[in-house]
Amino acid sequence: MKKNTSRRTFIADSAKATLAITAGLTAGGSLMEACAAPKHIIFSPFATGFIQEPLPYGYNALEKAIDTMTMEIHYTKHAGAYSANVQDAAKAEGVDMTRPLEEVLGKISKYSAKMRNNGGGHYNHELFWKSMTANSTEKPSGKLLLAIESSFNSFDAFKTQFTDAGKNRFGSGWAWLFLDGDKKLRIGSTPNQDNPLMDISEIKGMPVLGLDVWEHAYYLRYQNKRPDYIASWWKVVNWDFIQKRYDSFL
Ligand code: MN
């Protein structure tokens, strides 16, 4: 109950943030200075808070791709810790937690390593859980499918390029489909818990879809075979959610 209330408040606040930023850009004055956000950051109803949201399915729901124990440990221990730690960092560094986490990530170079690692970790996992479902359509439709086909030639070519981004990320990190500052779809990867929102990231944009390729995401079932994990993961992508998210950024 409390969570729903704060979620609604949060969405209302992020809408206000969009208005404030729009007003600031129009005025071109000090308001813009105060609310300045990098060009690649788009505030939408999909903005992210600091508290870990409930997993939208059971730990066993994604068994065709990810085993139950991995899901439970990953959600409760790894992701739970990122959420707790980003809240600690926010308190210590004077961050207003009623504002979208995206605002902090966009200027992460101004904050601590604790904020970078845990703010990124929390954001990335909140997106990751929602990006999966037991009832995947295995392919998008609508504007997102058209944009993927025009950007990468075909849906299969997109899957290959995204898979390679995940396979070739050395060590721990994430593969991304993201919208750049010109709203073009791009594929890339980031190390550790970085993401394209961060001002320190080599790739910059709004994350549309992210894949966790840390060993903790797949090692119990797939051991060293990251490509096998990625091949299975495509069977649980929640394209309905990803399409709505993409549409909200246009
Ligand atoms: Mn993870």
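## Exercises on a metal site, a loop and a helix pair

In this predicted model, D212 and H216 are both buried. Let's work outward from these two residues.

**Exercise 1.** Find which atoms coordinate the manganese ion, and how their residues are spaced along the chain.

*Solution.* Start with the two residues just named: D212 donates through OD and H216 through NE2. Next, add H74 and H125, each of which also donates through NE2. The distances to the manganese ion run from 2.0 to 2.1 Å. Finally, read the donors along the chain, and the spacing comes out as H-x50-H-x86-D-x3-H.

**Exercise 2.** Locate D180, decide whether D180 is buried or exposed, and list its contacts.

*Solution.* First, place the residue: D180 sits in the loop that links strand 1 (173-179) to strand 2 (185-191). Then check its relative accessible area, which is 9%. Buried means under 20%, so D180 counts as buried. Now follow the side chain of D180, which reaches the backbone nitrogen of K184 at 2.9 Å. Leaving aside residues up to four places away in sequence, D180 touches R186, K204 and G205.

**Exercise 3.** Work out how helix 6 and helix 7 are oriented to each other, and what kinds of residues make up their contact.

*Solution.* Take the axes of helix 6 (residues 142-152) and helix 7 (residues 155-168): they come within 8 Å and cross at roughly 70°. Angles of 65 to 115 degrees count as roughly perpendicular, and therefore helix 6 and helix 7 are roughly perpendicular to each other. On the helix 6 side, the contact involves L145, I148, E149 and F152; on the helix 7 side, F155, A157, F158 and Q161. Sorting these residues by type gives six nonpolar, one polar and one charged.

Methods: Residues are numbered from 1 along each chain as its sequence is written. This is a predicted model: local features need pLDDT of at least 70, side-chain atom pairs count only at pLDDT 80 or more; totals for chains, interfaces and linings use all residues. Side-chain values use heavy atoms; hydrogens and water are left out. Helices (H or I, at least four residues) and strands (E, at least two) are DSSP runs, numbered from the N terminus. Buried means under 20% relative accessible area, exposed over 50%, partly exposed in between (1.4 Å probe, protein chains only). A polar contact is a pair of N or O atoms within 3.5 Å; within protein, one must be able to donate a hydrogen and the other to accept it, and residues adjacent in sequence count only if both atoms are side-chain atoms. Contact means heavy atoms within 4.5 Å. Axes are lines fitted to C-alpha atoms, for helices over the stretch in contact, and angles run from 0 to 180 degrees between N-to-C directions. Angles under 35 degrees count as roughly parallel, over 145 as roughly antiparallel, 65 to 115 as roughly perpendicular and the rest as oblique. Ala, Val, Leu, Ile, Met, Phe, Trp, Tyr, Cys and Pro count as nonpolar, Asp, Glu, Lys and Arg as charged, and the others, Gly among them, as polar. Donors are N, O and S atoms within 2.8 Å of the metal (3.2 Å for Na, K and Ca); water is not among the atoms, so sites may look incomplete.
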